[in-house]
Amino acid sequence: MKTVRSISLLVFFSYINCQTLQRSLLDAAMQHTNNQDYLEKNLRDVTSIMVTQFLQKLTYEEVQTSVKELLDLAEKCKSLQPHESPSECCHQLMTTFLEHICNNQGIADKHVFSDCCNTNNTARHKCFLLHKRDDAGYSDIFQIPNFEQICEMHKENQVSVKERYMYETSRKHPFLYGPTILTMSACYETAIQSCCQEGNKTECFQRKLEPIRKYIREISLRHHHLCEIGIKFNHKVAKAVELVLLTKKQPKANFSEIAKLATDIKNLHQTCCEGNAAACVFGRSQLMNYICSQQAILSSKFTPCCELPEPFRGECVITSENDDKPDLSSLPLSRFTEDQFVCKQFTDKQDDFLQEFLYEYSRRHPELAVPVILRVDTVYQNLLGKCCKLENPLECYSHGEEMFQRVVCESHERVKNQCDLHGKLGDSNFHDRLIVLYTKKAPQLSAQELVVFTKNMAAAATKCCPLNDEQQFVCLEDSAKLILGALCRRHEAEPINAGVGDCCDDSYAFRKPCFDDLQVDGTYISPPLSCDQVLNLKEDLCKAQEEELQTEKQKLLSNLVKQKLRAAEMQFQPILVDFAHLVEMCCQAEKSEMCFQEEGSKLIEKCWSLLGG
């Protein structure tokens, strides 16, 4: 068993690209045993995650106090017997938690929850969720510069270091699922144990903690994105996303198994997104028990994962590679476009029929990103909705495969054009182009927001465009769905404009093409802004790092574009060039402040000339 588990962990950590952690995490897994009472044995940690993710302003000590009080109040959690289902405890824990917050005036006031406490249980829960912030900028334990201090803490009290890590991760990533935090806390704990025995602790920590930090950052974005889909769109869209993901991972599994799993996982996502960490951990454990009991018919890639103990098993299955594509030559997709009984199946059992099409198309096209497959599915649904009303529907829907190919080609062409432009302009100029484009589409966003949003898009192009054609396509589509998802959450919190709202709300599948085609917001009236307000010409610029200077230049670009939304990008370039030159010249001058005043006045005049002042 030990040998199998060793191999399994090595496979798992190669999946999450944590090769440097393989040996230390193997040791960690040896300290964990498979048991059915995993939630019960970790209830305090799970409760701590839930409390911290909702009450992000609490100190570590305050969280520990709240956890103790909460577990004392939750009667169902006190009397848990071995192998007894903890579902009632999970439910009561959340209800008790919400009551506990509202009964504690100090906590309610500190987190501005008073409005939530004046509503009933269901509305109260939703209200609390709306207060979660994943952009609050909390520092995390990875940024602690004194690694000797971590080792000293570990030496004195091993548990507190692990708990502190869970606290920091939970408050920084309030939408990250509880089981993932438990898994990565085990990874962190083992890295600490290993590195504190090394001579060069700093190098060891950087090497072993960076893969954990990177994985958490990326998976947290995905978890939040899945939550957004479940909230914004109907359950059919959420299930369709899961069905595509599952089919790509398990193309040999039959449709009924995939459909069942898609429903179960959609429901589990909803539980996790509601912030009930205990129910999320319990639900994930149950789901993995089922998957591992059915691995022979689901995927050959799950075997090493299913040998692992909790909490490693679930993360391993989720991050495992796709199973090999089966031979489907005897089952052509044409039965969805050439069979004369298509409309009968579509009319009689529309949901089941469309899900089966999505399943069959996904298992034949694992190379396509989820949004692209959903676009094909949307086109097919709309095609049947139109054709099945005609006298000769077969003649109408027989062109389906051509339409599917056109959707894929159009999506591919958009990505290719974006990468061609990136290659032509280079990283910095490409980012500037995105700032101009998106300032025109969403001028209501602050210059800082636009710089950060487009920086993520530019980074995606830098990462994805050098890949081969097929990988480039998937990579950029996958990145775009997460970046645009974050923009849509920003719109949900504070509406930007009607165009952005339409792209966010109308169709999840066509969200990216909608934003690509979004034009200048003609309704925007820029507030009066003088050039000396736009131009930040101070001596402080000389102390700024290169990245900070680039940000200042790009904020200037965005603010200028807001004043003249219809102007071409080239009209702004002379001012940007002069700004960069002025900063370089004045920072080398003996009297920098005087230089900025004298030379800056010339640049302000040029700015006024551009803006028509």
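Mentor: Let's start with a term: buried means under 20% relative accessible area, exposed means over 50%, and partly exposed is in between (1.4 Å probe, protein chains only). The model here is predicted, so local features need pLDDT of at least 70, side-chain atom pairs count only at pLDDT 80 or more, and totals for chains, interfaces and linings use all residues. Residues are numbered from 1 along each chain as its sequence is written, and side-chain values use heavy atoms, with hydrogens and water left out.

Trainee: Okay, why is C204 called buried?

Mentor: C204 has 1% relative accessibility. The limit is under 20%, so C204 counts as buried.

Trainee: And how do you know that C195 and C204 form a disulfide?

Mentor: A disulfide is a pair of cysteine sulfur atoms within 2.5 Å. For C195 and C204 the S to S distance is 2.1 Å, so the pair fits the rule. C195 is buried as well, at 0% relative accessibility.

Trainee: What makes that disulfide left-handed?

Mentor: The torsion about the S-S bond of C195 and C204 is about -75 degrees, so the link gets that label.

Trainee: How many disulfides does the rule give?

Mentor: The count comes to 16. One of them joins C116 to C127, with 2.0 Å from S to S. That link is left-handed too, with -70 degrees about the S-S bond.

Trainee: Why do you say that C116 and C127 tie parts together?

Mentor: C116 lies in helix 9 (residues 114–117) and C127 in helix 10 (residues 121–130), so the pair ties together parts that are 11 residues apart in sequence. Helices here are DSSP runs (H or I, at least four residues), numbered from the N terminus. Both ends are buried: C116 has 0% relative accessible area, and C127 has 15%.

Trainee: What makes C227 and C273 a disulfide?

Mentor: Their sulfur atoms are 2.0 Å apart, and the rule asks for within 2.5 Å. This pair links distant parts of the chain, with C227 in helix 14 (residues 201–232) and C273 in helix 16 (residues 255–273), 46 residues apart. C227 is buried at 4%, and C273 is buried at 13%.

Trainee: Why is C90 in no disulfide?

Mentor: The nearest cysteine sulfur, that of C89, is 5.4 Å away from C90. A pair must be within 2.5 Å, so C90 doesn't qualify. C90 is still buried, with a relative accessible area of 2%.

Trainee: Last one: is C409 buried, exposed or partly exposed?

Mentor: C409 has a relative accessible area of 41%, so C409 is partly exposed.

Key
Helices (H or I, at least four residues) and strands (E, at least two) are DSSP runs, numbered from the N terminus.
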